[in-house]
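Please walk through this structure with its cysteines, its unusual backbone geometry and one of its sheets in mind.

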Amino acid sequence: MNSLQQTLSAQLHDKSLHCQAQQAAFDYLDALACRRVFPDEQALKALSVFEEDLPEQRGDAQHVIALLAKEGANATVAQNGGRYFGFVNGNALPVTLATKWLADVWDQNSALYLMSPISAKLEDVCQRWLNQLLGLPMHTVAGFVSGTSVATLSGLAAARYRQHQKLGWDINRQGMFAAPRLRLILGRQTHGTVAKAISLLGFGSDNIEWVDCDEQGRLLVACLPKLDEHCILVLQAGNENSGAFDYFSQICPLAKAAGAWVHIDGAFGLWAAASSHFAALTHGFEQADSWSVDAHKTLNTPYDCGIILCQDAQALTAALHQQGSYIQYSEEAVQKRDGMVFTPEMSRRARGTELWSALKFLGREGVCELVFQLHDHAQYLAQCLSKTDFTVLNDVVFNQVIICCENDLLTTQTLEFVQQSGEIWCGPSRWFDQAVIRLSICSWATERSDIDHAVSTLLDCKTRAVDALANR
Ligand SMILES: Cc1ncc(COP(=O)(O)O)c(C=O)c1O
């Protein structure tokens, strides 16, 4: 053993380093409920401690962990507390966090069955459970990716493969240069990651056919262009601002009859399909060809945990297939899943492990309860705010609440004070050309008292904003 190996081996067996990190993590969790949601100026300034040159010599491992635990932790965003309403960021259920700690020690690569039989098994089980939970056709396959951005890229790659193949073109071999032209059809309120995927796939965002939406951001069925077998149509389960769902039961049969491929971006909203309470929103969504969803949002697994679900297994695997003389596939053997055939990556962390633990722990009943609780809090928030002089702009159908003040300047100033306060955190957006404050309820830890806290913080900040603007 050389001297580095001796040091590493001693660190591994002595475990004091791991205990130090574990203690720091427990201290962090204990203080979570009282900490600022966004770091203060002092904590941000202290980040300069990380601005050093690459060390020339080996350092002290305990010092590495201590530095991270002290200055690093102070500059985190407490999104796993109950008062974070920004973006659509979920929390981590304790059982999934504990699972991640254990699985991090295993450090599995889930590319191939031969790299990790346990990861392959749990991915396989998750695929089956997701189909049962969401009411998808049981032949639907799942790829476990970093997030919805990559899930959508994968779904649209499968769509491109299949639609070209139906037109007599092998996109993998013949490429895009002389390919038959496909038509990409998106609602004007589609999430930006879809246009990104379209650009990455070589279609060009200028070639998108945009369809007008109603006042909630739902694609207007009457405005859909005539669909055909050249089309890839992207729908939404959960608009990023309003939370609205497209009219799947009207649109999917039309698309199907025309030979169009339908992909649904359900980053946070697809989980609504787990609960009969939201049946009116998701009705007909199972007729799509592919779906993208994040477990790290509504299901509250740790980051990163995205999923591509696709009814057309052959299209997905053909679009993402990779060869290599050293790759030993096992996929032909029954129940020996090679996860990489369903994803763009080869090496991947075993994120299916945390997904499995969330589903195993919650069960169908627990998922329904969690999904309903988040939505219930969103409704409560909207009810409280609508009794004030904030305006609630959306029909609160799932998790999202968008509000505004009397004018854009006041909305923006109020939000600035909210973000500075550290009491809660939420972000800005634009809704039909109006500045809005966007709140998402996506953490299991959020309680009614956190919503009350959010309401009083918003009201205080608005009062301060009125004064600040008057004194300008
Ligand atoms: C509707 C929608 N689609 C896509 C995404 C992107 O997901 P990810 O950040 O996991 O790539 C988000 C993120 O919030 C979203 O809300």
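In this predicted model, the sulfur of Cys 223 has its closest cysteine sulfur in Cys 213, at 8.9 Å, which is too far for a bond. A disulfide is a covalent bond between the sulfur atoms of two cysteines, and the cut-off applied here asks for a pair of cysteine sulfur atoms within 2.5 Å. Cys 223 is partly exposed, its relative accessible area being 38%. Cys 442 is likewise in no disulfide, and the nearest cysteine sulfur, which belongs to Cys 305, is 13 Å away. Unlike the partly exposed Cys 223, Cys 442 is buried, with a relative accessible area of 1%. For the structure as a whole, the count of disulfides is zero.

The backbone deserves attention next, beginning with a peptide bond. Tyr 303 and Asp 304 are joined by a cis peptide bond, for which omega is about -15°. Asp 304 itself belongs to the loop that connects β6, residues 290-294, with β7, residues 306-310.

Another loop, the one between β10 (427-431) and β11 (434-440), contains Phe 432, and Asp 433 lies in the loop between β10 and β11 as well. Although Phe 432 is not a glycine, its phi is positive, at about 45°; Asp 433, also not a glycine, has a positive phi of about 70°. As for their surroundings, Phe 432 is partly exposed, with a relative accessible area of 44%, whereas Asp 433 counts as exposed at 68% relative accessibility.

The strands on either side of this loop lead into a sheet. Strands of a sheet pair through backbone hydrogen bonds, either parallel or antiparallel. Here β10 and β11 run antiparallel and are joined by five bridges, and one can be located by residue, since Ser 429 has Val 436 of β11 as its bridge partner. Both strands belong to an open sheet of four strands, whose order is β8-β9-β11-β10 and whose pairing is antiparallel. At its edges stand β8, residues 391-392, and β10, each of which pairs on one side only.

A helix accompanies this sheet. Helix α14, made up of residues 408-421, lies across β9 (400-404), β10 and β11, and the angle at which α14 runs to β11 is about 35°. In tracing this region, the reader can therefore follow β10 through the loop holding Phe 432 into its antiparallel partner β11, and then find helix α14 lying across both of these strands and β9.

Terms used
Residues are numbered from 1 along each chain as its sequence is written. This is a predicted model: local features need pLDDT of at least 70, side-chain atom pairs count only at pLDDT 80 or more; totals for chains, interfaces and linings use all residues. Side-chain values use heavy atoms; hydrogens and water are left out. Buried means under 20% relative accessible area, exposed over 50%, partly exposed in between (1.4 Å probe, protein chains only). Helices (H or I, at least four residues) and strands (E, at least two) are DSSP runs, numbered from the N terminus. Two strands pair if DSSP finds at least two bridges between them. Contact means heavy atoms within 4.5 Å. Axes are lines fitted to C-alpha atoms, for helices over the stretch in contact, and angles run from 0 to 180 degrees between N-to-C directions.
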